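Please read the following note beside the sequence and the model. The points concern a few helices and the way they are placed.

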Amino acid sequence: MVLDGLRKFVAPELIFGVGALAMTARYVRNLGAHRAFVVSDPGVIGAGWTQKVADNLEEAGIPVTMFSDVSPNPRADQVMSGASIYRDSECDIIIAVGGGSPMDCAKAIGIVSTNERHVLSFEGVDCVDGPGPPLICIPTTAGTSADVSQFAIISDPSQRRKVAIISKTVVPDVALIDPMTTTTMDPHLTACTGVDGLAHAIEAFVSRASSPLTDLQALEAIRLIRTYLPKVLSNNDDIEARTQVMLGSLEAGLAFSNASLGAVHAMAHSLGGTLDLPHGECNSLLLDSVMAFNQQVSEERFARIAVGLGLDVRGLSTREQCQAAIDDVRALRKQAGITGTLRDRGVGAGEIPGLAEMALLDPCLVTNPRRAVRQDLETVFEEAL
Ligand SMILES: [Fe+2]
């Protein structure tokens, strides 16, 4: 985030590596807590990871209250009922197990329970008064990075929109990042969350709030995800490649949490809120079109992204390097099996003005490198149609 020439870098305490999940009870004790409120979703419960966390806690004598009414694109009403159950449970710590949806829901439950306000009132940058209870995040996808970020995205179905809450108070206290948890993702989820991670890194690198600290993380994330995501997609059980993709996702998360994002995410939030489409898929379908829109103001940066992607750029002009980066991202999306267009997902031309209007209001657009007016966003949506 920017304050004149100053930059700050916020991150939780991180444990990264196979076996990190088994540290849950120890960190509950380290944080001085005694009763755990575990937020998860039916898919992750079905995969068995939530029970592994619950077993780890109960073996250490820590009682668990489970909350799993979390949909993809978690809704404001789910957050409010979760906060009510949390308050009645006498728990003193929240543990999120899952992808972006349970983690964002858990963050929101925390701030609602201590600030006693409706979750939608926290929309925007730095609009949360005080932190929630201690929060441990255990991600089970490699891409969303909600486990390290100062973002929580909540859907408001009554307005068919997504609300971005951006605040240091939603940075977890601890992230336990265990690559084993990603082995139960299906190939499409692996692809979508991986490309979402790449979008985080690219948007953070060209963000108007980027800094040398976030650049370092973003470029390494681009290299790791581009190198190892295809390996994971060709062999689901390649745990070394999964570890590298998760490390890339972590670095992308640290970068975007501190440099913010851009038009890809502003537009993806608009799409996800209006049509309830999966976040990673929305980003994947928009990423190369937004890069093409931004390239004229960030040529030198996109040329460095081309190098990060591992492309041979010898002899190419800066403009050609930019184009090579865009082409490579498009090729990766196709290789990952994320094909088709927005129209195939049910988006009609008549919805584009409304989608553009909503994206204009998203705080992620503030840091997009090229100023975008409504017509620009409509054009990019039309290209992705
Ligand atoms: Fe994202």
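Which residue takes a positive phi just after α8? The points below address this and related matters.

1. The model under discussion is predicted. In this model, S260 follows directly after α8 and has a positive phi of about 65°.

2. Helix α8 itself covers residues 239-259. Its 21 residues should span 30 Å at 1.5 Å a residue, and the end C-alpha atoms are indeed 30 Å apart, so the two values agree. Of these 21 residues, 19 are buried, and α8 is thus mostly covered.

3. Helix α5 may be examined in the same manner. With 16 residues, α5 reaches 22 Å from its first C-alpha to its last, close to the 22 Å expected at 1.5 Å a residue. Because 14 of its 16 residues are buried, α5 is largely enclosed by the rest of the structure. Just after α5, E116 takes a positive phi of about 50°.

4. Helix α5 (residues 100-115) also meets helix α4 (residues 76-89): their axes come within 8 Å and cross at roughly 60°. The two helices are therefore oblique to each other, and α4 passes α5 in a right-handed crossing.

5. On the α4 side, the contact is made by Q78, V79, M80, G82, A83, Y86 and R87. On the α5 side, C105, A108, I109, V112 and S113 take part. Together, the residues of this contact divide into 8 nonpolar, 3 polar and 1 charged.

How values were computed:
Residues numbered from 1 in each chain as written. Predicted model: local features only at pLDDT ≥ 70, side-chain atom pairs only at ≥ 80, totals over all residues. Axes fitted to C-alpha atoms, helices over the stretch in contact; angles between N-to-C directions. Helix = DSSP H or I, 4+ residues; strand = E, 2+ residues; numbered from the N terminus. Parallel < 35°, antiparallel > 145°, perpendicular 65-115°, else oblique. Left-handed = near helix turned anticlockwise from the far one by under 90°. Contact = placed C-beta atoms within 7 Å. Nonpolar A, V, L, I, M, F, W, Y, C, P; charged D, E, K, R; others polar. Expected span 1.5 Å × (residues − 1). Buried ≥ 20, exposed ≤ 12 C-beta atoms within 10 Å, placed from the backbone.
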